[in-house]
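This report covers the ligand site of one protein model, then its helix packing and two points of backbone geometry.

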Amino acid sequence: MRVLILGGTTEAASLARQLAGDTRFEATLSLAGRTSAPAAQALPTRIGGFGGVDGLVRYLEAEKIEAVVDATHPYAAQMSAHAVAACRQAGLPLASLTRAPWTEQAGDCWQHVSNTESAAMILGDTPRRVFLTIGRQELPVFAAAPQHRYLARLIDAPKGERLPPQLVLLQARGPFDLAAETALMRDERIDVVVSKNAGGGPTYAKIAAARALGLPVVMIARPDKPAGHIVNSPNETVQWLDHVRRSLRGV
Ligand code: NAP
């Protein structure tokens, strides 16, 4: 069965590894192209946008895709909306591989905001040393709060955008561990962490480190993300794909 996986996450990479040697499926992984040197993947990979819902429908038809798995990042809401609309138009089954959000633990001090703009505003007027762990795309938003000194961790350096004036870039790719995160925040004399609620293990250490150091975390809420049939793990996704395959093949 021909499968399209919309990826860019640890779970998508893990699903790709599971499907790579599985003769029941012929799967392609799609990446947005947000990083210049994406990690090697176990499946044939295509990179870049499809050109909206219509472009995705054309791709699904041209490639004779029979099922789609949306394994995109919890904040990639547009891609998910397009997947739902395109699969509906093309009459294809869609599973959405979701990841539970982190929840506040005793000792955490989270300030909840609904978007990145509110995160920049809630930092306040007094200059602070801010650890920004939100990726590259929304860094320019913090130019609106130039009084702070930002340490921004990202995979690729930003280019050509208007950035906050006091910005130090730290290029690194997860996973990150607690000891290193704690040392980094202590050495950099961080006052506050800004994070998305990505969920999952590979980037959780910054949250635990903030707790250990008694630092507040400005937590940007997840966007509404349209979904198909919800699955919670790569294993469950493979089971769903097999169920779809059996019903399509009548076995
Ligand atoms: P998005 O806003 O949902 O998608 C924007 C457009 O990017 C889509 O409409 C689509 O273009 C293209 N796209 C996204 N994912 C794709 C995929 N897997 N394959 C092919 N095209 C894809 O997502 P985003 O702009 O990539 O990211 C939004 C936020 O998600 C970021 O700020 C970041 O916080 C988080 N995030 C994303 C990724 C990732 O791999 N994308 C990884 C980590 C974090 P067309 O309309 O042209 O098809």
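A polar contact is here a pair of N or O atoms within 3.5 Å. The model is predicted, and the distances below are computed from it.

**Ligand site**

Gln 78 meets that cut-off, because a polar contact needs N or O atoms within 3.5 Å and a polar side-chain atom of Gln 78 lies 2.8 Å from an oxygen atom of the ligand. Arg 34 also places a polar side-chain atom by a ligand oxygen, at 2.6 Å. For Ser 30 the partner is a nitrogen atom of the ligand, and the distance from the polar side-chain atom is 2.7 Å. On its own the ligand has 830 Å² of accessible area, and the protein covers 82% of this.

Which elements give two or more residues to the shell around the ligand? They are strand β2, residues 26-31, and helix α3, residues 77-90. The largest share comes from α3, which gives four residues. In total 22 residues surround the ligand, and the closest are Ser 30, Arg 34, Phe 50, Met 79 and Lys 196. Sorted by class, the shell holds 11 polar residues, seven nonpolar ones and four charged ones.

**Helix packing**

Helix α3 also takes part in one of three helix pairs described here. The table gives the angle and the axis distance of each pair.

| Helix pair | Crossing angle | Axis distance |
|---|---|---|
| α1 and α7 | about 50 degrees | 9 Å |
| α5 and α6 | about 55 degrees | 8 Å |
| α2 and α3 | roughly 50 degrees | within 9 Å |

Helix α1 spans residues 10-20 and helix α7 residues 234-249, and they pack at an angle of about 50 degrees. That angle makes α1 oblique to α7. In passing α7, α1 makes a right-handed crossing.

Helix α6 is formed by residues 205-213, and its axis lies 8 Å from that of α5, with an angle of about 55 degrees. So α5 is oblique to α6. The crossing of α5 past α6 is right-handed.

The axes of α2 and α3 cross at roughly 50 degrees. The two helices are therefore oblique to each other. Their crossing is right-handed.

**Backbone geometry**

Most residues other than glycine have a negative phi, and most peptide bonds are trans. Two places in the model depart from this pattern, one in phi and one in a peptide bond.

Lys 64 is not a glycine, yet its phi is positive, at about 50 degrees. Where does Lys 64 lie? Its position is in the loop between α2, residues 52-62, and β4, residues 67-70.

The peptide bond that joins Gly 174 and Pro 175 is cis, with omega at about 5 degrees. Pro 175 belongs to the loop that runs between β9, residues 167-171, and α5, residues 178-187.

How values were computed: Residues numbered from 1 in each chain as written. Predicted model: local features only at pLDDT ≥ 70, side-chain atom pairs only at ≥ 80, totals over all residues. Heavy atoms only, no water. Near = heavy atom within 4 Å. Polar contact = N/O pair within 3.5 Å; in protein donor to acceptor, adjacent residues only side chain to side chain. Areas by Shrake-Rupley, 256 points an atom, 1.4 Å probe, with all protein chains shown as cover. Nonpolar A, V, L, I, M, F, W, Y, C, P; charged D, E, K, R; others polar. Axes fitted to C-alpha atoms, helices over the stretch in contact; angles between N-to-C directions. Parallel < 35°, antiparallel > 145°, perpendicular 65-115°, else oblique. Left-handed = near helix turned anticlockwise from the far one by under 90°.
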